[in-house]
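Open your viewer and keep the selection box handy. We will go from the whole chain to single rings, then on to the empty spaces between side chains.

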Amino acid sequence: MDSTDEVSRKRAELEGCSPGHDGWDVALRSLRALYNRLRVEGKIDDVDEAITLYRAALELHPSGHPHRSSLLLELVGCLSCRYDDRGVEADLEEAVTFARAALELCPSGHPSRGVSLDTLAYTLWRRFTKQTAVHDLDEAFELHRAALELHPSGHPERSSSLLGLLLCFSSRHDNQGLVADVEEAVTLGRAALESCPPGHRNRGVCLYNLANCLWMRFTEQAAICDLDEAFELHRAALDLHPSGHRERSSPLDGLALCFLDRYDIRGGVVADLEEAVKFGRAALELCPPGHPSRGVFLYNLAINLLKRFKQLAAVRDLNEAFELHHAALDLRPPGHPGRSSSLNGLALCFSSRYDNQGVVADLEEAVRLGRAALELCPPGHPSRGMSLYSLASDLWKSRYDNQGVVANLEEAVKFGRAALELCPPGHPSRGVSLYNLAIDLLRRFKQLAAVRDLDEAFELHRAALDLHPPGHPDRFSLLHGLALCFSSRYDNQGVVADLHEAVMFRRAALELCPPGHPSRDVSLYNLAIDLLRRFKQLAAVCDLNEAFELHHAALDLRPPGHPDRSSSLNGLALCFSSRYDNQGVVADLEQAVEFGRAALELCPPGHPSRGAFLYNLASDLWKRFKQLAAVGDLDEAFALHHAALELHPPGHPYRSSSLDALAHCFSSRYDNQGAVADLEEAVMLRHAA
């Protein structure tokens, strides 16, 4: 018989009996049982009627009635189901209240005590995930352990107790970052799955939760076997949650997360990213407006689309990511535990659009949102470290990178230190925090030339590298960071051995970025830059030739529309200019000007690289004037250097270079035209520089 028809028949039987009639209680119990079965099987949407029926039944079973505890437990199940579907917090609070009442009716020795312990523990855990009150989680641990003692091996409810403890360990790990908790969660997940053979009602849930724990462990320890097993388990769970099942969205989202991580570790295979987006969309489609998981799935899909934007530079992906993050934020009003994540997600979108289009207003908005997110992550909050890092990064890019304001760099370092303090030895995010602080210290060293900052950056990068052994997907970033340190020390002290070390670490980083890796273009570009610098120092033509080759390879990976194309064009301009300086072939200078113009065209007003590219093109035009005496080149060099100087206000690290370059222009015009005022201006500018 069809489920809907069966419900209608039993409802009619109930309506045919008045309350108090001998058959009324029987009919009521029959209809309740049917609702409960259909709810468990995910085949019922209208849970409101079931709740109404349970409330009516409770009135007929007052305190002391032998069936009252079971009615309370069934009502808790319905309230929890409605909370899952609609997210109304009052349902969760009432579920906790009724679960406590049920437990009080099940003293030691009562056959339902174990189930009552697990039920109350589960509702407290759900409330912890909503309100993050640690006392709820602590009590949930205590209750689940007590239930497990009542559910020995072979007991039909043992898997429920094991799963409950798994969820508690997983949540404590998310809240406190203890590696031991994720290990315990995996162990419990395996035990729960073993107690749920094929056909068991909890098998799908066990598959999903164990897969989730393995994925979590993979994100921290980078063991590919964990990710592979998570894939296998999520697919098995999906098979047990066919189309129409109320829990199908969970394994779909789990698969999306696995594909995203495989994209990161397999060198940026775009097919993995496409699968992540596909499964993320499928999960979201099963969570219509009002579904309690809709906010999470909106957020996850937005993250996948933003990553695809960074790989493929399709603006529609960025636009959709904006739309989804805004929609998720609307579902996370002030006080919602996920609001800080949505604010950070929007900040990432604005920051990425700034990187792509160079509009400073986007970066300012990223900083504003980052501050708002941080305010929601007080000390002890599990997302505080991420918020500190994101805000520090945008602060550096924002007012420091564009205006040279040291105060913003100081604030970035302060936030970096605070983030590291939240990641003691053994914390899964310690390596990332070490790297981020090292980068901020290196930036401050470049501004203030305090050697202690450089020394500490070296120390932090090496410590981070120790936490990312060969094979770790993030090792590339640490090698890149050490290369930056050696390169910066070379700039400061001029020891050629440091430049050799920088090149060595750049090569090591490039080896970890084979063709198809999302960071290969960056590695090619960085190695080319240091080889060009070594050529300028040692005049080894092989270095210059390799720099040309690498810049061309990077440019091929940065087609029109790619946010970093301008950097590769500028890198080639620098190579041609350097070869002109070395060999004096005018054709090289013409190429330098051509590539310099192409780079500048991709950097409209507000772009963070506009000042540097104005300066470089102006310098090449001045060189061409010196060679060919075309006054138009000198006039344009003046205009470009003046424009660059406006972008390098007092205190900016490149201001002295702009002043000195303008002095060269005035001096050259004096040599060409003999106006004493030009010579006086050149002298004044050199003093200012």
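Here is a tour of the model, one selection at a time.

**Before you click**

This is a predicted model, in which local features need pLDDT of at least 70 and side-chain atom pairs count only at pLDDT 80 or more, while totals for chains, interfaces and linings use all residues. Residues are numbered from 1 along each chain as its sequence is written, and side-chain values use heavy atoms, with hydrogens and water left out.

**The whole chain**

Start with a cartoon view. The chain has 31 helices and zero strands; both are DSSP runs numbered from the N terminus, with H or I over at least four residues for a helix and E over at least two for a strand. Along its principal axes, the C-alpha trace spans about 115 × 40 × 40 Å. Now colour by accessibility: of the 689 residues, 52% count as buried (buried is under 20% relative accessible area, exposed is over 50%, partly exposed is in between, using a 1.4 Å probe and protein chains only).

**One helix to check with a ruler**

Select residues 294-312, which make up helix α14. The expected span of a helix is 1.5 Å times one less than its number of residues. For the 19 residues of α14 that gives 27 Å, and the end C-alpha atoms are 26 Å apart, which agrees. Step on to A313, which follows α14 and has a positive phi, near 60 degrees.

**Aromatic pairs**

Next, show the rings. The structure holds 10 aromatic pairs. Rings of Phe, Tyr and Trp (its six-membered ring) pair if their centres lie within 6.5 Å, and planes under 30 degrees apart are stacked, over 60 edge-to-face, and the rest tilted.

Select Y122 and W125: their ring centres are 5.7 Å apart and their planes stand at 35 degrees, so this pair is tilted. Both residues sit in helix α6 (residues 113-131), three residues apart, about one turn of the helix. Which of these two counts as buried? W125 does, at 14% relative accessibility, whereas Y122 is partly exposed at 30%.

Move to F458 and F486, an edge-to-face pair with 4.9 Å from centre to centre and 75 degrees between the planes. F458 belongs to helix α21 (residues 451-466) and F486 to helix α22 (residues 475-493), so the pair ties together parts that are 28 residues apart in sequence. Both F458 and F486 are buried.

Then select F231, F259 and F279, which form one aromatic cluster. Add R262, which lies over the face of F231 at 4.6 Å from the ring centre (the rule asks for NZ of Lys or CZ of Arg within 6 Å of the ring centre and within 35 degrees of the ring normal).

**Two distances to draw**

Pick D264 in helix α12 (residues 249-265), a partly exposed residue with a relative accessible area of 29%. Draw a line to P518: the two C-alpha atoms are separated by 8.2 Å, though the residues are 254 apart along the chain.

For another line, pick F548 in helix α25 (residues 541-556), which is buried at 7% relative accessible area. The C-alpha atoms of F548 and H325 are separated by 41 Å, with their positions 223 residues apart along the chain.

**The empty spaces**

On a 1 Å grid over the protein atoms alone, a cavity is a set of points where a 1.4 Å probe fits but cannot get out, a pocket is an open set with protein on both sides within 12 Å along at least five of seven lines, and lining residues have an atom within 4 Å of a point. Grid points are joined across faces, edges and corners, and a volume is the space filled by probe spheres set on the points.

By this rule there is one cavity of 30 Å³ or more. The largest cavity holds about 40 Å³ of space; to see its lining, select Y389, A392, G416, A419, S433, N436 and L437. Helices α18 (384-403), α19 (406-421) and α20 (430-448) each supply at least two lining residues, and α20 gives the most, with three.

Last stop: the second largest pocket, with about 250 Å³ of space. Of its 15 lining residues, S577, Y615, S619, D620 and K623 lie nearest the centre. Which helix gives the most to this lining? It is α28, with six residues.
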